[in-house]
Amino acid sequence: MSFETISVIGLGYIGLPTAAMFASRKKKVIGVDVNQHAVDTINQGKIHIVEPELDMIVHAAVTEGYLKATISPEPADAFLIAVPTPFKKNTNGGIPEPDLSYIESASKAIAPVLKKGDLVILESTSPVGATEQMAEWLASSRPDLSFPQSAGETADVSIAHCPERVLPGHVVRELVENDRVIGGMSKQCSDRAVELYRIFVEGECVITNARTAEMAKLTENSSRDVQIAFANELSIICDKLDIDVWELIKLANRHPRVNILQPGPGVGGHCIAVDPWFIVSKTPDDAKIIHTARLVNDGKPEWVVEKVKMAISDFLQQNTHKTVKDVTIACYGLAFKPDIDDLRESPALDITKMIASMHSGIVIAVEPNVNQLPINMGDVVLKDIGDALSEADISVLLVDHKEFRNIKPQTHIVDTKGIWG
Ligand code: SAJ
């Protein structure tokens, strides 16, 4: 049975581009989101997120009538769930636990419109076992239909996990070109999922089971987190030993089998700073390196703030007529990585807030990718590069956005990305 109508639940950084790709292949796509503003924006042919090329694709899909957005699910042949899977922060400093409540709500929302022959795919990055859990939620809402956990190959509804793996900023290209891991709950489920993704995916669709697909995604991001932690640990060691870490890494990377990543202010985003916890919380006694890497990366913002305190003290020693209140600090970059507007789980944002809460003078934020600051930024003022360059006494480089690469503030500098060296 072919897929005439495809529904994507969750129209965020993954769901909206995915919906747009199906629509660009002339499939009827129903995008569902609980956010009325997102739904209205998309139905006007516009987008509520920043992602290169996506605006044109969504505009064409909506005006040609292939994509529409709504807040309540409608019948479709395939449902892709692309909702957030955050973690519940553990206030006692313990291991954070995954929060599957958005998957649960999405499952319960689509259950009433499911019919025999439908395919449900979980795309959200999920802890091992989440796809089976989703299948249980669907089955308990629809006892009249059979599901793979009890009916195997003969199930009325097929279920698979197919984790998204695209890099923000390159989503449109990577959605088409990247290989996909397809973890069906049965062979039929996998085959159906491959048929669906073949509509626009040009990469290879590699079949496995749902649990392995879940773990594959977590492994990819944990591997990157561990590698970044190695670079961040090196940056702290080198600072103590008076060695330029950027030069050191360039030298070490000349070895044919060494490829060290770049240190920074910490690890942000909704993926790499989150997903390793899904492994650690399932197997806390065994996931030792993965756990330590998280702690190293999460500890980096406080280290940067200490560096800023030292820069303030150096500045005051050289400017004895000034007091702390007279010191203006400019923080360059708030996003979680270069050349995007995404402030989610951003160490740069956290550092700017920490500086603002400990510093009695003016704190300026420079973020060329946003027009206004998030609401909880206290007295921080958003300014453009020119104003920050002329007003600040201390410049803190937090994100290596392209706009910051060709400037060099003539102030005291704390450079977490090594571009003003
Ligand atoms: N970072 C460093 N040093 C580096 C590279 C990155 O400090 O050398 C930092 C970034 O500044 C950022 C964080 O790491 O704060 C994560 O950035 P990223 O570019 O490594 O990854 P994401 O979060 O944008 O996207 C990742 C990707 N996963 C991998 O590369 C293994 C992407 O393919 C996934 O689809 C995405 O997570 C996801 O949604 O899970």
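**Exercise 1. Gln 318 and its partner**

With the side chain of which residue does the side chain of Gln 318 make a polar contact? Then place Gln 318 in its helix and work out whether it is buried or exposed.

*Solution.* A quick reminder before we start: this is a predicted model.
- Step 1: look around the side chain of Gln 318, and you'll find the side chain of His 412 in polar contact with it, at 3.3 Å.
- Step 2: for the helix, go to H12, which covers residues 288-318 and contains Gln 318.
- Step 3: the relative accessible area of Gln 318 is 57%. The cut-off for exposed is over 50%, so Gln 318 is exposed.

**Exercise 2. Cysteines and disulfides**

Find how many disulfides the model has, and say where the nearest cysteine sulfur to Cys 205 is.

*Solution.*
- Step 1: recall what we're after. A disulfide is a covalent bond between the sulfur atoms of two cysteines.
- Step 2: set the cut-off, which asks for two cysteine sulfur atoms within 2.5 Å.
- Step 3: run the count with that rule, and you get 0 disulfides. Take Cys 205: the nearest cysteine sulfur belongs to Cys 162 and is 7.1 Å away, and Cys 205 is in no disulfide.
- Step 4: check burial, where the limit is under 20% relative accessible area. Cys 205 has 12% relative accessibility, so it counts as buried. Cys 238 has 4%, so it counts as buried too.
- Step 5: tie this back to Exercise 1. Measuring from C-alpha to C-alpha, Gln 318 and Cys 205 are 61 Å apart in space, with their positions 113 residues apart in sequence.

**Exercise 3. The ligand and its shell**

Describe where the ligand sits, how many residues surround it, and which polar atoms of Arg 224, Gln 262 and Lys 337 face it.

*Solution.*
- Step 1: start with the site, which is the largest pocket.
- Step 2: count the shell. The ligand is surrounded by 19 residues, and the closest are Glu 164, Lys 217, Arg 224, Gln 262 and Phe 336.
- Step 3: ask which helix gives the most to that shell. It's H9, residues 210-241, with 5 residues.
- Step 4: go through the polar pairs. An N or O atom in the side chain of Arg 224 is 2.4 Å from an oxygen atom of the ligand. With Gln 262, a polar backbone atom is the partner, 2.7 Å from a nitrogen atom of the ligand. Lys 337 brings a polar side-chain atom 2.8 Å from a ligand oxygen.
- Step 5: finish with coverage. On its own the ligand has 770 Å² of accessible area, and the protein covers 88% of that.

**Exercise 4. Loops and positive phi**

Asp 339 and Glu 345 each have a positive phi. Give the angles and the loop, then turn to Asp 400 and its polar contact.

*Solution.*
- Step 1: read off the angles. Phi is about 60 degrees for Asp 339, which is not a glycine. For Glu 345, also not a glycine, phi is about 45 degrees.
- Step 2: find the loop. Asp 339 lies between strand S11 (329-332) and helix H13 (347-358), and Glu 345 is in the loop between S11 and H13 as well.
- Step 3: check accessibility. Asp 339, at 38%, counts as partly exposed, and so does Glu 345, at 36%.
- Step 4: move on to Asp 400, in the loop from strand S14 (394-397) to helix H15 (402-405). Its relative accessibility is 12%, so Asp 400 counts as buried.
- Step 5: pick out the contact. The side chain of Asp 400 meets the side chain of Arg 405 in a polar contact of 3.1 Å.

Notes:
Residues are numbered from 1 along each chain as its sequence is written. This is a predicted model: local features need pLDDT of at least 70, side-chain atom pairs count only at pLDDT 80 or more; totals for chains, interfaces and linings use all residues. Side-chain values use heavy atoms; hydrogens and water are left out. Buried means under 20% relative accessible area, exposed over 50%, partly exposed in between (1.4 Å probe, protein chains only). A residue is near a molecule or strand if one of its heavy atoms lies within 4 Å of it. A polar contact is a pair of N or O atoms within 3.5 Å; within protein, one must be able to donate a hydrogen and the other to accept it, and residues adjacent in sequence count only if both atoms are side-chain atoms. Accessible areas come from the Shrake-Rupley method with a 1.4 Å probe; for residues, only the protein chains shown count as cover. On a 1 Å grid over the protein atoms alone, a cavity is a set of points where a 1.4 Å probe fits but cannot get out, and a pocket is an open set with protein on both sides within 12 Å along at least five of seven lines; lining residues have an atom within 4 Å of a point. A molecule sits in a cavity or pocket if more than half of its atoms lie within 2 Å of its grid points. Helices (H or I, at least four residues) and strands (E, at least two) are DSSP runs, numbered from the N terminus.
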